[in-house]
Structure formats: C-alpha cells, structure tokens
Amino acid sequence: MKKVAVIGAGLGGLSAAISLATKGYSVELFEKNNHCGGKLMPYELGTHKFDFGPNTITMPDVFKQVFALASENPDDYVTFKKLNVHTRNSFADGSHFDFTSDRSLMKNQLVELDSFGEAHYDSFIKEITRLYTLSEKHFFYKTFQSYTDYLSPTLGKALLQVRPYESLYHFFSRYFQKKEVLEAFSRYATYIGSSPYVSPATFAMIAYLELVQGVYYIEGGNVQLAKAYEKVARKLGITIHLNTKVTKMNVTNKKITSLVLNDAKTAAFDEVVMNADLLKAYPELIHEDNRPHFTNKKRDKYQPSISAFVILAGLSHRNKGLLHHNVFFSRDYEKEFNDLFQSGSYSWEPTIYISNSSYTDQSQSPDGDNLFILVNAPALHQDGELGVDPEAYKQMIYDQLEKRGVQIRDFLVEEKVITPKDIEEKFGAYRGALYGLASNKKIDAFLRPSNFAKDIVNLSFVGGSTHPGGGSPMVVISGLNVAHALGNRL
Ligand SMILES: Cc1cc2nc3c(=O)[nH]c(=O)nc-3n(C[C@H](O)[C@H](O)[C@H](O)COP(=O)(O)OP(=O)(O)OC[C@H]3O[C@@H](n4cnc5c(N)ncnc54)[C@H](O)[C@@H]3O)c2cc1C
C-alpha cells in the first residue's frame with residue numbers, strides 16, 4: 001500500500017487525508033498543535049466558548065462532500081443551521097443594513113437606504129450568480145498541474161467572462177449608489193484577505209454565497225466540523241500524530257526521501273501533502289537548493305493577505321441589538337485599506353466585526369455574550385514586527401464599540417487578545433496572514449502557487465496559500481482536488 005504523509009491538520013489537510021484514505025492510500029497526519037482543525041480552533045474562557053477562525057460558514061455542501069467520500073452521513077456528525085438575517089451592518093450615521101438571503105427583505109431595506117440599489121437588486125443577483133457558476137465550473141475543482149492546464153482555451157475564455165479587469169468596488173457601484181451600502185458589499189473582499197478597491201470583481205461571487213445560498217452556523221460551534229473530520233479520519237484508520245512538528249524534509253534527486261520530526265525521528269513516505277502554509281513551511285522545511293522554482297526571493301515578492309487583531313470577550317450580560325454577525329463600519333473605509341496594504345499600518349478608526357454565536361446558540365455562552373471581535377490588521381512586517389501596542393489598540397476598539405452602543409467593560413469577565421504574531425506562531429502562518437497571499441494582484445488572484453511542487457516529484461500543497469484560495473470551503477476543495485489527482489496516480 002502506498003504511504004502518504006499529510007503535514008498539518010487544518011481543514012485542507014483533513015479533507016486531503018480523508019479523501020486519500022478512501023482512495024487506497026495509507027495515510028499519516030502530522031500536526032504541530034494539539035488539536036485538529038488548524039485555524040478553526042476551539043477556545044474556552046470560563047463559561048464562554050468561542051470559535052477562533054471561521055465564524056462565517058458558507059457552502060455547507062462542500063463540507064458534506066468529505067463525509068460522502070468516506071461513505072458517512074454528515075447529519076450523523078454535524079448540523080448546519082441556516083441563519084435567516086445573518087449580518088447586521090451598522091454605519092457611523094446610526095443606520096443599519098441587515099444582510100439576508102431573503103431577497104424581498106433585502107429589497108425592502110433598500111427602498112429606504114438606496115432606491116437605485118433596490119431597482120437593480122434583481123440584476124445584481126443575476127450577475128453574481130453568473131460569476132459564481134462560471135467560477136465553480138472552471139476554477140474551483142482544477143489543480144493546474146501543468147502549463148497546458150493554464151493555457152487551455154476554455155479556461156482563457158472563462159477567465160475573460162468573470163470580470164478580471166474590474167475592481168470589486170467598481171462592480172458593486174454599478175448596482176448601488178449609497179456609500180454605506182457600497183461599503184457593506186465591498187467588505188466581501190476581506191473574505192479573501194484583500195482590498196475591494198483593487199481585487200478583481202470576480203470575487204463578487206462571495207456575495208452570491210451569502211445572499212443567495214446563505215450563511216450557516218454549525219450547532220455546538222463551528223469547531224464541531226473539525227472534530228467530526230477527525231473522527232471520520234480515525235475511523236478510516238488514518239494515524240494522527242498531534243503535537244508533532246515536521247522540522248525538515250530530506251530530498252534526493254528531486255524526491256522527498258524522509259521527513260524529520262520534532263523528536264528527531266525520521267519517517268519515509270511515497271507522497272507528501274503539505275497543508276502547512278506553503279509560503280512559510282516550504283522554505284523552512286526544504287533547502288533552497290532543492291526548490292529553484294520557489295526561491296526565498298520569489299516568496300518575498302508575494303503580498304500576504306490581511307491578518308487580524310482579535311479579542312475574545314466573555315460578558316456577564318447580553319447586548320441588545322447584536323445579531324450573530326455584526327459589522328460596525330468606520331467613517332472612511334477606503335483609508336483603512338490604504339493603511340493596511342500601502343503603509344502596512346493599523347487603522348486607528350477601524351471597521352470592527354463581532355461574531356456573537358450565543359445569539360444563535362446560548363449553550364456556547366450561558367451567562368452572557370461571547371464576543372469574537374476582529375479588526376483587519378496588516379500582515380507582520382518582513383522583520384516580524386507587530387507594529388502596534390496591543391493594549392492601547394484593544395482599549396481603542398472598546399472605546400469605539402462603546403460609542404456605538406456595545407457595552408463591554410462594565411460586564412467583562414473573561415478576555416483574551418490574539419495578535420497577528422500569535423497567529424503566525426500558533427499556525428505557522430506566513431507573517432500572520434489569514435488567507436496566505438492577497439488577491440489584490442490579478443496574477444495572485446488567478447495564478448496562485450500550484451498545488452504541485454515544480455521541483456519535487458512527490459510533494460503537493462493544499463490550503464489557503466494555494467489553489468483555489470483561502471476561506472474554509474476553498475481549502476477543503478483544495479484537499480479534495482489534490483487527493484483526486486494523487487488517486488489517479490495509484
Ligand atoms: C481570525 C480568523 C478568522 C477567519 N474567519 C473566517 C471565516 O469567517 N470564514 C472562513 O471561511 N474562513 C475564515 N478564516 C480563514 C480560514 O480559517 C482558513 O482559510 C482555513 O481554516 C485555513 O485552512 P488551511 O487548511 O489552509 O490551514 P490551517 O488552518 O492554517 O492549517 C494548517 C495546519 O498546519 C499546521 N502546521 C504548520 N506547520 C507545521 C509543521 N511544520 N508540522 C506540522 N504541522 C504544521 C498548523 O499548526 C495548522 O494546524 C479565518 C481565519 C482566521 C485566522
């Protein structure tokens with residue numbers, strides 16, 4: 001039986017491992033942390049439970065595919081609950097716009113907020129549906145293993161049809177006029193760690209996911225998904241080595257001959273699938289002489305996606321007016337992205353996102369709100385500097401939220417701050433980036449690093465830094481794609 005090692009038990013690694021096991025590989029999974037799920041990590045503070053990482057779940061059918069491959073019924077493991085009104089977008093002028101997949105509710109709100117938008121909402125939905133359908137058909141399930149894949153005429157034609165040359169913000173402004181409404185839609189760029197003012201309009205397909213398919217929550221916390229995948233993996237006989245970091249890969253004649261582990265032991269495999277962040281782990285684990293197509297200089301040229309400054313706040317009180325997902329927009333959204341990407345600095349009047357899953361599921365936090373507060377942060381500087389005083393930044397966030405009516409300090413019983421530096425250290429994420437590389441440049445949006453190493457015959461990549469991209473459903477797809485291609489090699 002051919003042996004495969006998967007390095008990293010993030011969602012990408014888990015989906016690859018499960019899928020490979022169903023295709024007849026003997027699979028071992030190596031994870032440096034003591035939990036499966038990578039950035040989808042459970043966090044408990046007293047009676048308050050949090051999902052770190054993916055709070056917004058879309059595309060449940062993608063997650064279900066992994067269970068189906070293993071001949072398991074997803075309903076035996078996880079319950080996806082659709083959130084009716086999923087996100088409250090609150091603006092500095094006191095108005096708000098609630099996002100929902102209920103089209104009439106969206107239009108009713110637009111009558112007041114943006115009558116131009118109300119008149120164009122149906123054509124907007126039609127266009128984002130077209131963008132999604134094309135992307136799913138031509139991009140999601142491809143692995144781009146050779147130049148002929150890139151040069152395929154169907155792909156080129158499809159690419160031209162998904163508005164690669166228009167910015168996301170410009171695209172939304174065809175359908176909506178009011179600044180606040182436009183900003184609420186433009187925030188979708190942050191789901192791929194990028195700026196709406198430069199990333200391609202193709203990513204308006206994310207709006208399709210939320211506004212047509214809907215936003216979901218997994219009962220008991222989104223981390224239940226990772227726990228379920230771990231169970232399925234063990235059931236399939238996959239050996240999971242937690243607390244086991246891969247520290248080096250030995251290469252001879254363009255082939256990985258063995259992995260070196262943190263206890264200095266070595267292990268040999270026929271294939272290696274790397275879920276650890278490509279931009280960080282590939283240069284760290286394989287000597288530069290063995291990867292001429294991916295030199296350190298080439299890596300340094302990639303623009304990392306945004307990172308996050310996160311506060312987990314457990315309260316002894318429930319704030320009225322908060323929904324499950326909440327966004328408090330700043331007055332100058334564009335400046336925030338200039339700060340993040342052009343000057344690489346923190347915004348001191350940022351847009352603030354709050355997930356309060358106890359709104360939907362009180363069992364997560366029976367005594368009060370469990371606020372997962374996230375502000376977009378620049379990736380760490382090249383020298384590893386954070387670039388902000390975390391205590392001062394946290395206090396500024398609390399000030400802003402309290403001004404907007406979210407009561408925090410008077411009811412705060414538990415608190416934990418997680419910075420981009422923590423994200424880098426905990427998950428091995430390059431410069432603390434959430435989604436690998438940004439999609440601000442067209443080349444990075446459409447030509448992410450390939451799923452197969454060009455210099456090493458038995459090494460492939462899954463996860464946010466590679467194709468098809470960041471975000472929890474996409475990394476699961478990358479795992480399925482690579483496993484499918486390796487299955488064909490058997
Ligand atoms: C704060 C935050 C909020 C987010 N919000 C959302 C959201 O709302 N919706 C959404 O869809 N996505 C969201 N994301 C993004 C999402 O979490 C990621 O895209 C996805 O989970 C990444 O999965 P992955 O498989 O690529 O890698 P990861 O989850 O990063 O897993 C990689 C694994 O490799 C391990 N590893 C690294 N190096 C080694 C080594 N040398 N040896 C062994 N193991 C190693 C790491 O410990 C890690 O467990 C968010 C991310 C963060 C951090």
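This is a short dialogue on reading the ligand site and the aromatic rings in a predicted model.

Q: How many residues surround the ligand, and which are the closest?
A: A residue belongs to the shell if one of its heavy atoms lies within 4 Å of the ligand. Here 34 residues do so. The closest are Gly12, Glu31, Lys39, Asn275 and Ser472.

Q: What classes of residue make up the shell?
A: There are 14 nonpolar, 15 polar and five charged residues.

Q: Which polar atoms of the protein lie by oxygen atoms of the ligand?
A: A polar contact needs a pair of N or O atoms within 3.5 Å. Glu31 places a polar side-chain atom 2.6 Å from a ligand oxygen. For Asn33, also with a polar side-chain atom, the distance is 3.2 Å. Gly464 uses a backbone N or O atom instead, 2.9 Å from a ligand oxygen.

Q: How much of the ligand does the protein cover?
A: On its own, the ligand has 1000 Å² of accessible area. The protein covers 94% of that.

Q: Where does the ligand lie relative to the domains, and why?
A: It lies between domain 1 (3-38 + 220-301 + 443-488) and domain 3 (306-427), because both give residues to its shell.

Q: Which helices and strands supply at least two shell residues each?
A: They are α1 (11-22), β17 (370-377), α15 (420-427) and α17 (472-489). The largest share, three residues, comes from α17.

Q: How many aromatic pairs does the structure hold?
A: Two rings pair if their centres lie within 6.5 Å. The structure holds 37 such pairs. One cluster includes Phe97, Tyr121, Phe171 and Tyr191.

Q: What lies over the face of Phe269?
A: Lys3 does, at 5.1 Å from the ring centre. Likewise, Arg291 lies over the face of Tyr282, at 6.0 Å from the ring centre.

Conventions. Residues numbered from 1 in each chain as written. Predicted model: local features only at pLDDT ≥ 70, side-chain atom pairs only at ≥ 80, totals over all residues. Heavy atoms only, no water. Polar contact = N/O pair within 3.5 Å; in protein donor to acceptor, adjacent residues only side chain to side chain. Areas by Shrake-Rupley, 256 points an atom, 1.4 Å probe, with all protein chains shown as cover. Helix = DSSP H or I, 4+ residues; strand = E, 2+ residues; numbered from the N terminus. Nonpolar A, V, L, I, M, F, W, Y, C, P; charged D, E, K, R; others polar. Domains from an automatic or database assignment. Phe/Tyr/Trp six-rings, centres within 6.5 Å; stacked < 30°, edge-to-face > 60°. Lys NZ or Arg CZ within 6 Å of the ring centre and 35° of its normal.
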